[in-house]
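Biologist: Please show me the model first. Then I will ask about its parts one at a time.

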Amino acid sequence: MSFDEYGFHFEKQGRSGYEGPIDPAQQYFEGSHADHAIVRETGQNTLDNPGKCADGPIRMKFELASMNVSDIPGIDELRRHIEAAAAQTENQQGHEKIARAADMASAEKIPVLRISDYNTTGLTGSESLTSEESPLSRLTRGKGGSQDDERGGSFGIGSAVGPMASDLCTVIYISIAEDTGESVMGAYTRLATHTLDGESYRAEGHFTRLTREDDFEYVRPAPTIGPFSPRTEPGTDIYVLGYRMADRDPELERVRDAMIDNFMAAIFQGKLIVEGCAPGNDWTLDSSTLRGFTTGRPEAHAFYEALMDPEPAEKEIPHVGKVRLFVNIDDRLEKKLHTITMRTPLMKIDTFRHNSISAKYAAVLICDSHEGNKYLRQLEPPQHHIWDPARDPKYGSSVINQLKKFTREALKERIVTDVGDEVTIDGLSRFLPTEAPIAATRGAPAIPSSEPGTEATDVESATVQGGGGEQHPHVNAPAKKVRVKVQRPATGDGTEDTSRGKETGGAGKRRTKDVGLPGKGAAGDGASRIEGKDLSFRSWSTPAAGGSDAVTTLAVRARQDESGDIQLVGLGPGGDPEPSYVLPISRAVLHEGGKTRDITVSENTLKDVHLKGGQLTRIDVHMPAGERYRLGVA
């Protein structure tokens, strides 16, 4: 197609102020990586503009390809303006960007990122000066204006992210509006005030019919750009010329991860499908592949697991309507990931941090009501990365405080239900010996640590078996973390001093090895065993119906599907495991799918337990009334 009548129009400067190479609108996004910023802006605008006749989910496609510079519409005249701006901005902050654009304009090929959306409205309306509020005009040459209709950005500066991500400082737009079915092409560049052929020009250039001086007129029908396929259905293509992240992300995996981090809920709910197409790597991100793409990224996977929450907490809050909190509590996390917030487009906005919550968790707070979307949108700055209560002096603080209070209380309730107030044992099984080793170290006898009111010392008599004395329950300290410290158990024939054994977990009987007592083998021998290193585990005391038993509830999560026996171990007053102590378990009940079933118990061993990987399983351990223990898994 010939572009003889078209080109980049730069308005003459006249008496307007000087515009440097730094675009203030672009600075809102420069703090982020270009890929992260462009994903958030294009993704939000896409989800905000579903087609009126859309069938199925919205689709986005990111394509990276090499393109001949000579195929860029109007490149010859654009090159002259870029070179003039580069020459005249030396020694100014931001000159490096214009200089890179000049080098790229003289290259043979450049990398181009095309971002396409489908099942959307496309850029409706006209580019005419009389249609300044149309979506076509706002995206291609507008800033600072936005319709109050919950569609698109709130500040009209999102279009700046394209030139920010372009080393040529230029983007091309091609769109088919669903109401006309006609394709149109516009383009935009942002340089700096510059002088060319004795005339001073402003920083911005727009691709239009140059022979028409009284209005804008874009190219219709739109041409094919470089190696990319032509658009044939409603939606919009954005071409980022000279994509600045091409060398760092040649397979668009950073783009894919940014889509997951920012739009996971939309993808999870089947509202958004994203494709990537780069040399040597094509990928599709949808509700069926999302889990796989998060598996190697622990933090992203934790939020994915939160979205799997079948019973999210809900509440009606003034000004925002119903909100829901999806929670994943997981001891395997390296740290608390806190709560990310979203409104209707299901894009990550804010992060609520509750340092009073002791458990490791990831949570997602969603407000997708019409009322809440409109209100919360008003609290967001241009980057859409926080809900700022100061943007509504009348109600802002109250609304945000209520959202945070609901989140905090729901988290606390869930933690009591799923986790309890109990100690966490790091790597317990690594410290437990498979057999009681014989220790022949010497020392003086000590007071048995099982007696109430006494203090443990470095040694104890080898003849102490820990059976006597009054029973004293151990009440769990809430939310404390203990590092396991293991001492060798007392062994020998009673005629020599040995190193101290374990502090008792309470009154009862103790089984030992190699101390002259009859032995019949460890419970569970001969069956497969689920070891502590394969589990995430917590325990806490639970009220029992009728008061006849003391019940300790176990919350067990396996890393993968496991079947076999679980051997429990009592913990002494200092948190040390008591592998030789036989717990007085009278019954064990497994909760599964809203039903319960009894588990066979042999001494400390829960027999024939089946655990599904990643799924929290509850087991109630019954003991005689008054017997309360802290428990671990051997």
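Biologist: In which sense do strand E13 and E14 pair, and over how many bridges?

Modeller: This is a predicted model, where local features need pLDDT of at least 70, side-chain atom pairs count only at pLDDT 80 or more, and totals for chains, interfaces and linings use all residues. Residues are numbered from 1 along each chain as its sequence is written, and side-chain values use heavy atoms, leaving out hydrogens and water. Helices (H or I, at least four residues) and strands (E, at least two) are DSSP runs numbered from the N terminus, and two strands pair if DSSP finds at least two bridges between them. For E13 (residues 338-342) and E14, the sense is antiparallel, and the number of bridges is 2.

Biologist: What is the order of the open sheet of 5 strands, and which are the edge strands?

Modeller: Strands of a sheet pair through backbone hydrogen bonds, either parallel or antiparallel. Here the pairing is mixed, and the order is E11-E12-E15-E13-E14. An edge strand pairs on one side only, which picks out E11 (313-317) and E14 (351-352).

Biologist: Which residue in E14 is the bridge partner of Thr 339?

Modeller: E13 is paired with E14. Across from Thr 339, the bridge partner in E14 is Phe 352.

Biologist: H9 packs on the sheet; what angle does its direction make with that of E15?

Modeller: H9 touches strand E12 (321-329), E13 and strand E15 (361-366). Contact means heavy atoms within 4.5 Å. Angles run from 0 to 180 degrees between N-to-C directions, and axes are lines fitted to C-alpha atoms, for helices over the stretch in contact. Between H9 and E15, the angle is about 55°.

Biologist: Why is H9 largely enclosed, and how many of its residues are buried?

Modeller: Buried means under 20% relative accessible area, exposed over 50%, and partly exposed in between (1.4 Å probe, protein chains only). The buried residues include Ala 300, Phe 303 and Leu 307. Their cover includes H7, helix H8 (290-295), E12, E13 and E15. H9 is largely enclosed by the rest of the structure because its buried residues number 8 of the 10.

Biologist: How far apart are the axes of H7 and H9, and at what angle do these helices pack?

Modeller: Helix H7 spans residues 253-268, and H9 spans 298-307. Their axes are 11 Å apart, at an angle of about 25°. Angles under 35 degrees count as roughly parallel, over 145 as roughly antiparallel, 65 to 115 as roughly perpendicular and the rest as oblique, so H7 is roughly parallel to H9. To restate the values: 11 Å and about 25°.

Biologist: Which residues in H7 and H9 meet, and how do they divide into nonpolar, polar and charged?

Modeller: Ile 260, Asp 261, Met 264, Ala 265 and Phe 268 in H7 meet Ala 300, Phe 303, Tyr 304 and Leu 307 in H9. Ala, Val, Leu, Ile, Met, Phe, Trp, Tyr, Cys and Pro count as nonpolar, Asp, Glu, Lys and Arg as charged, and the others, Gly among them, as polar. The contact of H7 with H9 thus has 8 nonpolar, no polar and 1 charged.

Biologist: What is the relative accessible area of Phe 268?

Modeller: Phe 268 lies in H7. Beyond four places in sequence, Phe 268 is in contact with Ser 287, Leu 290, Tyr 304, Leu 307 and Met 308. Phe 268 still counts as partly exposed, with a value of 25%.

Biologist: Which residue stands opposite Val 274 in E10?

Modeller: E9 (residues 272-278) and E10 run antiparallel, joined by 5 bridges. Strand E10 (residues 281-285) has a covered face of Asn 281, Trp 283 and Leu 285, while Asp 282 and Thr 284 form the uncovered one. Opposite Val 274 stands Leu 285.

Biologist: Which residues does a cis peptide bond join?

Modeller: Most residues other than glycine have a negative phi, and most peptide bonds are trans. This cis bond has an omega of about -10°. One partner, Pro 221, lies in the loop between strand E7 (199-209) and strand E8 (235-241). The pair is Arg 220 and Pro 221.

Biologist: What is the positive phi of His 319, which is not a glycine?

Modeller: His 319 sits in the loop between E11 and E12. It is partly exposed at 28% relative accessible area. Its phi is about 80°.
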